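Thanks for coming. I will take the two chains one at a time and then go through two elements in detail.

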Amino acid sequence: MADLLKTPLTAWHESHGAKMAPFAGWNMPIQYEGILAEHKQTRESASVFDICHMGEFLVHGAGAKEALMKAVSHSLAELAEGRCRYGFILNEKGGVLDDCIIYHLGPDSYMVVVNAACCATDFAVLSERLPGLVCEDVSETTAKIDLQGPKAVEILEDFLGEDLHNLGYFAFRYTTWQGKKLLVSRTGYTGELGYELYIDAGSALALWEALLRDERVKPAGLGARDTLRMEAGLALYGHELDTEHTPVEAGLGIMMKSQADYVGKEGLATVRERLLPLELEGRRAPRHGDIVALGDEEVGRVTSGTFAPSLNKAIAFAWVRADKAEATEYTIVTPRARLAARVVSLPFYKQGTARTKLASKA
Amino acid sequence: MSNPADLKYSKSHEWVRVEGGEAVVGITTFAQEALGDITYVEAPAVDDEVEAGAECGSIESVKAASDLISPVSGRVVAVNSELESAPEIINQDPYGKGWIYRVATDALPDDLLDAAAYEAVCAQESH
């Protein structure tokens with residue numbers, strides 16, 4: 001474990017009884033009190049998550065918008081300052097090198113937020129695709145703490161002493177907390193209303209502890225983060241997204257609106273497999289790698305599967321051969337059982353508050 | 001550790017309580033803590049013949065799945081049906097309400113451990 005990377009909060013997690021495990025090279029908290037309790041806490045009140053392992057790059061310089069729009073799939077043409085957008089870094093074939101959020105910070109100035117496991121590759125790829133621009137990897141000095149849950153807006157308003165009802169979904173702004181610059185982004189990975197907070201790494205522990213002084217907030221680990229994102233129908237890189245599949249195959253074609261001639265665009269026309277959301281009858285969960293069958297024919301593989309605490313049944317994502325992807329019911333063959341699964345619409349959990357429109361305060 | 005002294009234990013983290021001519025089986029505190037929140041239990045069915053040391057079901061948690069190895073041989077006479085809808089009972093009360101099945105049996109295998117010997121096994125696995 002000596003070689004694992006530590007976030008500014010790793011010592012806090014260890015001293016607060018978290019179960020720790022390696023994730024993308026980092027020593028991360030999987031759970032504190034328990035995955036089910038942390039999941040419920042996030043759906044009903046609010047939780048904080050240590051997401052410092054994720055990577056942040058700054059891209060700026062004259063022509064940054066146009067250059068970025070060729071390097072990534074995001075449609076940045078109409079993206080206003082103070083807003084951010086989800087999209088992909090693709091390879092030449094249209095396969096996904098990573099999914100990421102791009103923040104429009106200012107004129108020709110952007111922040112790209114990437115997965116920890118892909119951070120080094122992403123930075124190399126973007127640096128190569130963006131000659132003449134300044135690309136800075138600020139991951140080490142940037143801490144990211146997610147505050148997620150239906151009560152997150154009231155909690156953060158009380159915490160910062162400012163109105164956040166006027167900050168819409170996928171909008172962000174800078175504020176200050178204890179004299180430190182804090183980026184507040186109304187985004188998240190749980191399906192609930194919430195914020196992703198970016199601050200200097202040196203202030204991470206103080207921010208984390210201060211947020212936890214609010215009794216409506218508890219810490220949640222990567223275990224609950226995974227069950228929450230699954231219920232919300234959100235893809236996880238390395239499971240639902242990889243270099244061998246395009247975002248269109250992953251069911252995210254609706255996001256591919258960019259008119260720019262970006263790397264990988266041509267590859268999107270080829271659809272070999274489709275990612276299907278599957279719901280099961282019972283609590284028994286399929287797992288990554290389980291076979292998906294139609295009758296006796298193997299037609300696909302499970303990418304992620306879990307018991308869904310808010311639905312009280314198991315759910316899964318699976319890659320299914322495109323010519324076999326129109327069925328409504330499949331059988332998932334696990335090492336121990338054959339499970340009946342039916343195709344459902346996303347999100348699996350439909351009561352999430354993420355997109356709640358907050359009425360602006362007078 | 002809070003492993004009751006009147007029970008016998010297997011190295012694969014099941015416990016056995018003898019009650020008359022029957023043996024009650026469950027999993028230990030160590031096992032349920034390692035698994036985390038339990039979400040599904042596949043227990044043997046009534047009248048199944050289970051064999052000591054052989055897999056007879058499975059236990060799933062949010063993050064993992066684990067075989068259930070029977071610590072005793074015999075015919076299953078009852079299973080805890082409450083676990084079907086509330087498997088978290090095992091997390092809450094592994095040695096009580098979280099029992100999994102009962103077997104009609106005359107004798108326990110010799111290689112089951114007492115609480116002290118079992119705790120030594122757990123201590124070793126924790127490293």
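**Chain B, then chain A**

Let me start with overall size. By the rule for a compact globule, 127 residues should give a radius of gyration near 14 Å, and chain B has 13 Å, so the two agree. Please keep in mind that this is a predicted model.

The C-alpha trace of chain B spans about 35 × 35 × 20 Å along its principal axes. Chain B contains 4 helices and 9 strands. In sequence order they read β-β-β-α-β-β-β-β-β-α-α-β-α.

How much of chain B is buried? Of its 127 residues, 48% count as buried. Among the contacts in chain B with a separation of 6 or more, 62% are between residues 24 or more positions apart. Chain B exposes about 5900 Å², and carbon and sulfur atoms supply 47% of that area. On charge, chain B has 7 positive and 24 negative charges, and their mean positions are 4 Å apart.

Now chain A. The rule for a compact globule gives a radius of gyration near 21 Å for 362 residues, and chain A, at 20 Å, agrees with it. Its C-alpha trace spans about 65 × 50 × 45 Å along the principal axes. Chain A has 7 helices and 19 strands.

In chain A, 58% of the 362 residues count as buried. For contacts with a separation of 6 or more, residues 24 or more positions apart account for 67% in chain A. The accessible surface of chain A comes to about 15100 Å², with 52% belonging to carbon and sulfur atoms. Chain A carries 39 positive and 49 negative charges, whose mean positions are 5 Å apart.

**Strand 7 of chain A**

The first element is strand 7 of chain A, residues 109-114. Why can we call strand 7 of chain A largely enclosed by the rest of the structure? Because 6 of its 6 residues are buried, and buried here means under 20% relative accessible area.

In a regular strand, side chains alternate between the two faces of the sheet. In strand 7 of chain A, A:S109, A:M111 and A:V113 point one way, while A:Y110, A:V112 and A:V114 point the other way. Residues on both sides are buried.

Which strands pair with strand 7 of chain A? One is strand 4 of chain A, residues 55-60, which runs antiparallel to strand 7 and is joined to it by 6 bridges. Within strand 7 of chain A, A:M111 stands opposite A:L58.

Strand 6 of chain A, residues 96-106, also pairs with strand 7 in the antiparallel sense, over 5 bridges. Here A:H104 has A:Y110 as its bridge partner. Strands 6 and 7 of chain A form a hairpin with 2 residues between the strands. In that hairpin, A:D108 takes a positive phi near 50°.

**Helix 7 of chain A**

The second element is helix 7 of chain A, residues 222-231. Is helix 7 of chain A mostly covered or mostly exposed? Mostly covered: 10 of its 10 residues are buried. Among them are A:L222, A:A224, A:L228 and A:M230, and also A:R225, A:D226, A:R229 and A:E231.

Just after helix 7 of chain A comes A:G233, which takes a positive phi of about 75°.

To close, both elements are buried along their length: 6 of 6 residues in strand 7 of chain A, and 10 of 10 in helix 7 of chain A.

Note on methods:
Residues numbered from 1 in each chain as written. Chains lettered and ligands numbered in written order. Predicted model: local features only at pLDDT ≥ 70, side-chain atom pairs only at ≥ 80, totals over all residues. Heavy atoms only, no water. Buried < 20%, exposed > 50% of the residue type's maximum accessible area, 1.4 Å probe, protein only. Pairing = 2+ DSSP bridges. Rg over C-alpha atoms; globule rule 2.2 N^0.38 Å. Contact = heavy atoms within 4.5 Å. Areas by Shrake-Rupley, 256 points an atom, 1.4 Å probe, with all protein chains shown as cover. Lys, Arg positive; Asp, Glu negative; His and termini not counted. Charge placed at Lys NZ, Arg CZ, Asp CG, Glu CD.
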